[in-house]
Amino acid sequence: MGNLVVDHWFSFLFLAAWIGLNVFLFVQAFLKFEKEDKYYYTREILGSSLAWARASARCLNFNSLLILVPVCRNLLSFIRGTCSFCNRTLRKPLDHNLTFHKLVAYMICLHTAIHVIAHLFNFERYSTSRQATDGSLASVLSNLSQHKEDGNSWLNPIHSPNTTLLYVTFTSIAGLTGVIITLALILMVTSAMEFIRRHYFEVFWYTHHLFVVYIIGLVLHGIGGIVRGQTQESMEKYHPHECAESFQKWGDDKHKCKPPEFEGHLPESWKWVLAPCILYTFERILRLLRSRQEVVITKVVMHPAKVLELQMKQKGFSMEVGQYVFVNCPSVSVFEWHPFTLTSAPEEDFFSIHIRVAGDWTEKLIEAFEQQQSPLPRIEIDGPFGTVSEDVFQYEVAVLVGAGIGVTPFASILKSIWHKFRLADQNLKTQKAGHAALNYDKTTDILTGLKQKTSFGRPMWDNEFSSIASAHPKSAVGVFLCGPHGIAKSLRKCCHRHSSLDPRKVQFYFNQENF
């Protein structure tokens, strides 16, 4: 139980820090636009909706900075490799990169909703004050001349009482890019739903690349400078605390106060997203260069249940157990890349993947190889990339749980264990891999060739964990899962329940494949 408490606290602190930064940035920006004298006159027209719009924009920029980092696979693999000597708790966040990516996306959606709603109020108030004829301060500010040579006198972007909200939305840079950004975000989020991602991966794949449109739109969004504040020079001459109450005399040449001048809020989104965009660009360039290296298919095996095995070689390819690669077949689709766990062991002179039908792309790929064309369809590989299963040999006892095609990471591990035992590898901490049950209804397993009889049905997890805890009372036990969330929930609870409060005694560490 002790290790799980530490892991949970570390994850909690990480999330708390992220949420705390969001709260800090939101409150800081809100107070700035709600209190600063620079925006005194802007607030006369817009009220608090100005602060709500700007505070949510600040958080949008912050989370847009973060959204690409968790999907930089090469960066994460590099960090995992350089951090291999670190405590496993410190490496834990790397195993939840996609979960964090989703959380950041949800936060972007939240602040997008706040930002859009706040600006709907803003435009309504701009329109109302522009049409007003009551001589109020908001009306006077909205009717300030827009034709001075310096162009800094206007505050209200609606220049005519007859201008509609729809017209401003689609003729201003801020309005048009705002619509485009929002639509791109809606498409990306909805297509990333579990059902669509699992059954219509191509839809998810293509629509998710709308992030390019999102980033470009975000950078361009603030160029129009619609949100304006009083210039510093104007404030020094005609401070709002001294001149706002006498606004009716601004046109009087004998009066000390004159109409204020304004300037647009400088765009700042580019400052937030520049670094991650450069990082992601290098990531994509590296993927492209690596994928262009020739892949030689040495063996094609069609297993029962329409499972395709490809054995391949590539110059300079080096792997660890549990890693995965992205695969592209140009004859099937030029742009689509799909992840597959490596099923070969590092000790073998080839690397292999197993592919089952799970959508249009995999079906077409398997059909292409079933036809045994000569030459074989060309395959491009990007990877390998690290996963939590790389840590399996850091434990004295390992429990491997695979469901369905989820057994593939463990085929690599089992083969590697066999090789390490055969070669008497002194660096191998694992002394016993207690259970290796590959649930297929064939006499031999399609991945390892084992003739072991299958035990059907879900194991009694509490009994299994109790047996392991009794057999290894002072060991660190790594529990590795590649399978559905339902099993993950059960295993996580068992790890928590059967870990000792005494850190010197048995501790179960739960690890789940996530790519």
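**Exercise 1. Decide whether Cys243 is buried or exposed in this predicted model.**

Step 1. Take the cut-off: buried means under 20% relative accessible area.
Step 2. Cys243 has 1% relative accessibility, so Cys243 counts as buried.

**Exercise 2. Find which residue Cys243 is joined to, and describe the link.**

Step 1. A pair of cysteine sulfur atoms within 2.5 Å is a disulfide.
Step 2. The sulfurs of Cys243 and Cys257 lie 2.0 Å apart, and a disulfide joins the two residues.
Step 3. Place the ends. Cys243 sits in helix α14 (residues 240–243), while Cys257 is in the loop between α14 and β2 (262–264). The two are 14 residues apart, and the pair links distant parts of the chain.
Step 4. Read the handedness. The angle about the S-S bond is -70°, and the link is left-handed.
Step 5. Check the partner. Cys257 has a relative accessible area of 1% and is buried.
Step 6. Count. The rule gives one disulfide.

**Exercise 3. Classify Cys109 and Cys495 by accessibility.**

Step 1. Between 20% and 50%, a residue is partly exposed. Cys109, at 25% relative accessibility, is therefore partly exposed.
Step 2. Cys495 has 0% relative accessibility and counts as buried.
Step 3. Look for a bond at Cys495. Its nearest cysteine sulfur belongs to Cys494, at 7.2 Å, and Cys495 is in no disulfide.

**Exercise 4. Name the residues of the negative surface patch, then place Glu370.**

Step 1. The patch consists of Asp360, Glu363, Glu367 and Glu370.
Step 2. Glu370 lies in helix α16 (residues 360–370).
Step 3. The relative accessible area of Glu370 is 38%, so Glu370 is partly exposed.

Notes: Residues are numbered from 1 along each chain as its sequence is written. This is a predicted model: local features need pLDDT of at least 70, side-chain atom pairs count only at pLDDT 80 or more; totals for chains, interfaces and linings use all residues. Side-chain values use heavy atoms; hydrogens and water are left out. Helices (H or I, at least four residues) and strands (E, at least two) are DSSP runs, numbered from the N terminus. Buried means under 20% relative accessible area, exposed over 50%, partly exposed in between (1.4 Å probe, protein chains only). Patches are made of residues with over 30% relative accessible area and no salt bridge: like charges are joined within 9 Å, nonpolar side chains (Val, Leu, Ile, Met, Phe, Trp, Tyr) within 5 Å. Accessible areas come from the Shrake-Rupley method with a 1.4 Å probe; for residues, only the protein chains shown count as cover. A salt bridge is a side-chain nitrogen of Lys or Arg within 4 Å of a carboxyl oxygen of Asp or Glu. Lys and Arg count as positive and Asp and Glu as negative; His and the chain ends are not counted. The place of a charge is taken as NZ of Lys, CZ of Arg, CG of Asp or CD of Glu.
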